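Ready for some practice in reading a protein structure? Have the sequence and the 3D view at hand, and try each task before you read its solution.

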Amino acid sequence: MPLPFAALSILDRAQSRTGSSEADALHHVIARAQRAERLGYRRFWVAEHHGVPGIAGSVPAVLAAAVAAATSSIRIGTGGIMLPNHQPLVVAEQAATLTALTGGRFDLGVGRSLGFTSAVRSALRAGKEASGRFGQDLTELLAFLDGTAPVTARPTDGGRTPVFVLATGHGLDIAARAGLAVVLGGPALLRDAGPALERYRESFRPSRWWDAPHVTVSLNVAVAGTTAAARHLLLPEARALAVSRTTGSFPPLDAAAVALTERQEGLVRESLAAAVYGTEDEVEQQLTALQARTGADELMVSGGAHDLEAQAASDGLLAALARPRLPTAGIVG
């Protein structure tokens, strides 16, 4: 049986790796996007991180443009641009430009997360209160895009660019009122997302961007010949995340096992528990259960690996599981 999602996509955070440069990391993102296009993935998104030693992807609009120039059919997007860091007009201009240049295959994913550290937030001129303006910033952004604001973003978008909200907490409610798609990921999937998603679907107001609710779930996924091999693929990122949460510094991905504290080992276990990994049969069962629990329309695979060959193989095996449904038709955006 094919995976029960109408579309399969990838989110790449442009993580750097020991033994290679940050420029290499960016080129690997482009190569992965080209491969994803050949495999039939629906979307390929890039993320925004500032001042993080282990992540080279700091300017998603620029990286998305590079990915778009190297591909021809896969949808390119941001997952996401963080509105607290930018003026809504500038984000609208970036989105409208990318939509115009790509013939309409750009997706704008936006979020409300702040900078990783206080120094980064200070450098971005974004205080802790900035995330509280997300609803207002989103309203302004949409007005700039659809031409109803006092200033119209150029090139004129006319609401062509599909807008997604990376939803946490009240983000689901904000997205429903605005008539936007949502992307739900990370630990939120471990909790009972059912009531929140039901509320989103019930309170959704159709808009010029989306005429019906659209839910994408995003989490780390690894597929390999054995469960142990798939788990090993996720370990470098899980270790780096554990270090970042205890020291404030996210290191480049490293294949070598490093000494971790008891707390860090526990965080590694938490990261792996929040992921889906295993053989093709095991992953198919886990993802089918995830879709049944959330009713998600789309799966967006996140997570980075140090072993690029194994990551490429995982992307291929996952696409093969979904291939009877790919390429998709009738999916908005």
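**Exercise 1. A charged pair**

Task: Find out what kind of link joins the side chains of Asp12 and Arg32, and which parts of the chain the link ties together.

Solution: Keep in mind that you are working with a predicted model.
- Step 1. Asp12 and Arg32 meet through their side chains in a salt bridge, with 3.1 Å from N to O. The cut-off for such a bridge is within 4 Å.
- Step 2. Asp12 belongs to strand β1 (residues 7-12) and Arg32 to helix α1 (residues 22-39), so this pair ties together parts that are 20 residues apart in sequence.
- Step 3. Now look at accessibility, where buried means under 20%. Asp12 counts as buried because its relative accessibility is 9%, and Arg32 is buried with 3%.

**Exercise 2. The surroundings of Arg32**

Task: List which residues Arg32 touches, leaving out those up to four places away in sequence. Then name the network of salt bridges that includes Arg32.

Solution:
- Step 1. Start in helix α1, where Arg32 is placed.
- Step 2. Beyond its sequence neighbours up to four places away, Arg32 touches Ile10, Leu11, Asp12, Phe44, Gly303, Gln311 and Asp315.
- Step 3. A network of salt bridges links Asp12, Arg32, Arg35 and Asp315.

**Exercise 3. Two more bridges**

Task: For the salt bridges Glu237 with Arg13 and Arg43 with Glu298, work out where the partners lie.

Solution: Here is the general idea: side chains of opposite charge can pair when their charged atoms come close.
- Step 1. In the bridge between Glu237 and Arg13, the closest N and O atoms are 3.7 Å apart. Glu237 sits in helix α8 (residues 227-247) and Arg13 in the loop between β1 and α1, so the pair ties together parts that are 224 residues apart in sequence.
- Step 2. Glu237 is buried, at a relative accessible area of 7%, whereas Arg13 is partly exposed at 25%.
- Step 3. For Arg43 and Glu298, the closest N and O atoms are 2.8 Å apart. This pair links distant parts of the chain, with Arg43 in strand β2 (residues 43-46) and Glu298 in strand β9 (residues 298-302), 255 residues apart.
- Step 4. Arg43 and Glu298 are both buried.
- Step 5. To place these bridges in context, note that the structure holds 9 salt bridges.

**Exercise 4. The whole chain**

Task: Decide how the radius of gyration of the protein chain compares with the globule rule for 333 residues, and describe the contacts and surface of the chain.

Solution:
- Step 1. The chain has 11 helices and 9 strands. Its radius of gyration is 19 Å, close to the 20 Å that the globule rule gives for 333 residues, so the chain is as compact as a globular protein of that length.
- Step 2. Of the 333 residues, 52% are buried.
- Step 3. Take the contacts between residues at least 6 apart in sequence: 76% of them join residues at least 24 apart.
- Step 4. The accessible surface is about 14000 Å², and 54% of this belongs to carbon and sulfur atoms.

**Exercise 5. A loop residue**

Task: Is Gly186 buried or partly exposed, and where is it placed?

Solution:
- Step 1. Gly186 is found in the loop between β6 (181-185) and α7 (194-203).
- Step 2. Its relative accessible area is 31%, so Gly186 is partly exposed.
- Step 3. From Gly186 to Ala143, the separation is 43 residues in sequence and 30 Å in space, C-alpha to C-alpha.

Notes:
Residues numbered from 1 in each chain as written. Predicted model: local features only at pLDDT ≥ 70, side-chain atom pairs only at ≥ 80, totals over all residues. Heavy atoms only, no water. Helix = DSSP H or I, 4+ residues; strand = E, 2+ residues; numbered from the N terminus. Buried < 20%, exposed > 50% of the residue type's maximum accessible area, 1.4 Å probe, protein only. Rg over C-alpha atoms; globule rule 2.2 N^0.38 Å. Contact = heavy atoms within 4.5 Å. Areas by Shrake-Rupley, 256 points an atom, 1.4 Å probe, with all protein chains shown as cover.
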